[in-house]
Amino acid sequence: MDALKNFISSGNLRLDAQLKFTAEIDKMTSVLRRTLLIDRSRRENDAEHSWHISVMALLFAEYAIEKVNVLHAAEMMLIHDLVEIYAGDTFAYDTAGYATKSERENEAADRLFAILPPDQASYIRNLWQEFDACQSNDAKYANCLDRLQPLFHNMLTEGHTWRNSECPTDSIKVRKRMAIVKEFMPELYSWVDKNITHAINIKWLKEQ
C-alpha cells in the first residue's frame, strides 16, 4: 500500500521532500533484528534499537578514554541503520551476509537519502559514513554502544540470540565484536568480559 497517495503537498518542494523522508523512515519499525526484547515478547526492530542506543549515549560517555561529543554520537546512532529499510538487517555473525553488506547498504543509501534536499542528504549520509568508518572518537563511542546493547539483551534473555542463531556464534567471535569496547571503553569492557565468562560457564555461549 502506498501511504503517500494521501500525502497533501505543502506547496514548498523542500518541505515536501522532508515530509516524505519522514514518512519513509517509518519503515524502520518493520525491520526486525535478531535481538530479543528483554521481556522476551518478540524481536526488536531497527527503530527501537536506534532509540535505545541513542539514550544510552547520554549515560556512558564518562567511560570513554577520549572526550566525545555525545549529541554528535547520538545523531549517528539515530541514523546508522536507516539504510536497512532497503538493505535489510545483517546479523553480526552472518559471514555470508557481510560479504554483500557494503554494496547493499551503499545502494540503499543512494536511494533513501536522495529523497531529502541535497544539503540534508549530504549531512545525513556523512553521519552514516562516519559511523561506519569507526575512526573518529564519536564514531567509536557510537559503535561501542551499538555492540553493547545486543550483548546486554543476550545476557538478560539467557543468551537467546547466541543459542538460537543459524550462524555459528562462539566466545571468540563475541569478544572480537566487542574489541572496540575493550579499546575505547576498557572499564566498561571489564563488565562485558565478566558477562561473556558467565555466558560460557552457564552454556549460553560456546567457548572456542
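## Overall build

The protein chain holds 11 helices and two strands. This is a predicted model. Along the sequence, the elements run in the order α-β-β-α-α-α-α-α-α-α-α-α-α. The radius of gyration is 18 Å, close to the 17 Å that the globule rule gives for 208 residues, so the chain is as compact as a globular protein of that length.

Along the principal axes, the C-alpha atoms fill a box of roughly 60 × 40 × 30 Å. Contacts also tell us about the fold. Take the contacts in the chain with a separation of 6 or more: 67% of them join residues 24 or more positions apart.

## Surface and charge

Of the 208 residues in the protein chain, 46% are buried. The accessible surface of the chain is about 11,300 Å². Carbon and sulfur atoms account for 54% of that surface.

The chain carries 25 positive and 31 negative charges. The mean positions of these two sets lie 5 Å apart.

## Met77 in helix H3

Met77 sits in helix H3, which covers residues 70–79. Its relative accessible area is 0%. The cut-off for buried is under 20%, so Met77 counts as buried.

What does Met77 touch, leaving aside its neighbours within four places in sequence? Its contacts are Ser50, Ile53, Ser54, Ala57, Tyr141, Ala142 and Leu145. Phe131 is 54 residues from Met77 in sequence. In space, their C-alpha atoms are 7.9 Å apart.

## Pro117 between two helices

Pro117 lies in a loop. Helix H5 (95–113) comes on one side of this loop and helix H6 (118–133) on the other. Pro117 has a relative accessible area of 8%, and is buried.

Arg14 and Pro117 are 103 residues apart in sequence. From C-alpha to C-alpha, the distance between them is 6.1 Å. Arg14 is also one of the residues in contact with Pro117, once neighbours within four places in sequence are left aside. The others are Ala17 and Gln18.

## His153 in helix H7

His153 belongs to helix H7, residues 137–156. Is His153 buried or exposed? With a relative accessibility of 3%, His153 is buried.

Its contacts, not counting residues up to four places away in sequence, include a run of Thr35, Leu36, Leu37 and Ile38. His153 also touches Glu44 and His52.

## Aromatic pairs

A pair of aromatic rings is described by the distance of the centres and the angle of the planes. How many aromatic pairs are counted here? The count is four. One of them joins Phe91 and Tyr93. Their ring centres are 5.5 Å apart, and the angle between the planes is 80°. Planes over 60 degrees apart count as edge-to-face, so the pair of Phe91 and Tyr93 is edge-to-face. Phe91 is buried at 7% relative accessibility. Tyr93 is buried too, at 14%.

Phe113 and Trp128 form another aromatic pair. The centres are 6.4 Å apart and the planes meet at 65°, an edge-to-face arrangement. This pair links distant parts of the chain. Phe113 is in helix H5 and Trp128 is in helix H6, 15 residues apart. Both rings belong to buried residues: Phe113 has a relative accessible area of 3%, and Trp128 has 4%.

## Two residues with positive phi

Most residues other than glycine have a negative phi. Which way does the phi of Cys134 go, positive or negative? The phi of Cys134 is positive, near 55°. Cys134 is in the loop between H6 and H7. Its relative accessible area is 17%, and the cut-off for buried is under 20%, so Cys134 is buried.

Glu158 also has a positive phi, near 55°, and is a residue other than glycine. Glu158 lies in the loop between H7 and helix H8 (160–164). Its relative accessibility is 36%. That value falls between the 20% cut-off for buried and the 50% cut-off for exposed, so Glu158 counts as partly exposed.

Methods:
Residues numbered from 1 in each chain as written. Predicted model: local features only at pLDDT ≥ 70, side-chain atom pairs only at ≥ 80, totals over all residues. Heavy atoms only, no water. Helix = DSSP H or I, 4+ residues; strand = E, 2+ residues; numbered from the N terminus. Rg over C-alpha atoms; globule rule 2.2 N^0.38 Å. Buried < 20%, exposed > 50% of the residue type's maximum accessible area, 1.4 Å probe, protein only. Contact = heavy atoms within 4.5 Å. Areas by Shrake-Rupley, 256 points an atom, 1.4 Å probe, with all protein chains shown as cover. Lys, Arg positive; Asp, Glu negative; His and termini not counted. Charge placed at Lys NZ, Arg CZ, Asp CG, Glu CD. Phe/Tyr/Trp six-rings, centres within 6.5 Å; stacked < 30°, edge-to-face > 60°.
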